[in-house]
Amino acid sequence: MAQEVRGVIAPGKDEAVRIETIVVPDPGPGEAVVRVQACGVCHTDLHYKQGGITDEFPFLLGHEAAGVVEQVGPDVTDVAPGDFVVLNWRAVCGRCRACRRGRPWYCFDTHNARQKMTLADGTELAPALGIGAFAEKTLVAAGQCTKVDPRVSPQVAGLLGCGVMAGIGAAVNTGGVTRGDTVAVIGCGGVGDAAIAGSHLAGAAKIIAVDIDDRKLETARGMGATHTVNSRSTDPVEAIRELTGGFGADVVIEAVGRPETYEQAFYARDLAGTVVLVGVPTPEMKLELPLLDVFGRGGALKSSWYGDCLPSRDFPMLIDLHLQGRLPLDKFVTETIALDEVEKAFERMHHGDVLRSVVVL
């Protein structure tokens, strides 16, 4: 039967979040109920709160989560009650043209739970990215659950559910960073720092972190950056070229999502180099580049969707690397908080005071 739990909702555009009673139905075919143990406070949740994603209020916020499967519905075989899982928002279909071509990380028909969680009065909730994990329990599609080694702490594991995976994947999966490469990362928030950590893990010889905040640049060094550039006072394109023998970086990762920083990334790469856009722009933004420069510089201009990850492949591998001491996921956790501190966490995020606040339940 349905269960009542506590959860954090965004009731309307720019309204303060609040804790409400959430009704979680029993899982139907292909669904699972997960007892949430930890969930990161991601900038995407703030976008939902501000009405920047859709206007389908009220939202049940939270999506960067880990927990334990409590119930599964009919026809679920990949996970079972008691499994420790990281939640993802790209449950692949296995049938679309991308999946049939062996590229499930591009799945064009990802799905979520069919049933809706509700408020106590029956009002249907729109779960953030199909997850809604700022709650004691949540209902998801079983394919959104990826089993990982239960020895890892939930507050660390959950980070792979969004921002950290997006950054690492932008470097390793999309950008193809490998041994000896030079890499520049523009924007050193959570995603940018993860791109730096991923580049370091892949063996990049030189990793240049670019930001306008010296605090973030110092954190970037702890993630593996070999050089830092404060673009408030220094031209980042010239600085990157100077640090790469006048050529530019092999791979430049833009983790801001703005036309001006994308243009910097474009001109800061070496000939035949790669630009990866992982920062998320807003709908009204436009980009203008001389077409001759696009042609003449060669290389590749790519966007990275969720780090082009395949959760079943990437999550367990990255958790294993963390447990081996090779990937410092714990460095991303600035603080752990309770459910009733989410609104304050949004404020600290806005001011750049945290890399990740993580709700622990």
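## A buried pair: Arg356 and Glu64

Arg356 and Glu64 are both buried. In this predicted model, their side chains meet in a salt bridge, with N and O 2.8 Å apart. The two partners come from distant parts of the chain, 292 residues apart. Arg356 sits in the loop between H11 and strand E18 (357-360), while Glu64 belongs to strand E5 (residues 64-72).

## Two salt bridges on helix H11

Lys49 pairs up with Glu343 in a salt bridge, and their closest N and O atoms are 3.5 Å apart. This one is also a link between distant parts of the chain: Lys49 is in helix H1 (residues 43-49), Glu343 is in helix H11 (residues 342-350), and 294 residues separate them. How buried or exposed are the two ends? Lys49 has a relative accessible area of 7%, so Lys49 counts as buried, the cut-off being under 20%. Glu343 comes out at 21% relative accessibility and is therefore partly exposed.

Helix H11 also holds Arg348, whose partner Glu335 lies in strand E17 (residues 335-337), 13 residues apart in the chain. The closest N and O atoms of this salt bridge are 2.8 Å apart. On the accessibility side, Arg348 is partly exposed at 23%. Glu335 is partly exposed too, with a relative accessibility of 22%.

## The wider charge picture

Side chains of opposite charge can pair when their charged atoms come close. How many salt bridges does the count come to? The total is 13, and the pairs described above are among them: Arg356 with Glu64, Lys49 with Glu343, and Arg348 with Glu335.

There's a network to look at as well: salt bridges link Asp213, Arg215 and Asp353.

## The second largest pocket

Now for some open space. The second largest pocket holds about 610 Å³. Its lining is made up of 26 residues, and those nearest the centre are Ala91, Val92, His111, Ala142 and Gly143. Which elements give two or more residues to this lining? They are strand E10 (145-147) and helix H10 (311-323).

As for chemistry, the lining of this pocket divides into twelve nonpolar, eight polar and six charged residues. If you're colouring the residues nearest the centre by class, Ala91, Val92 and Ala142 go with the nonpolar group, and Gly143 goes with the polar one.

Conventions: Residues numbered from 1 in each chain as written. Predicted model: local features only at pLDDT ≥ 70, side-chain atom pairs only at ≥ 80, totals over all residues. Heavy atoms only, no water. Salt bridge = Lys/Arg side-chain N within 4 Å of Asp/Glu carboxyl O. Helix = DSSP H or I, 4+ residues; strand = E, 2+ residues; numbered from the N terminus. Buried < 20%, exposed > 50% of the residue type's maximum accessible area, 1.4 Å probe, protein only. 1 Å grid on protein atoms, 1.4 Å probe; cavity = no way out; pocket = protein on both sides within 12 Å on 5 of 7 lines; lining within 4 Å. Points joined across faces, edges and corners; volume = space filled by probe spheres on them.
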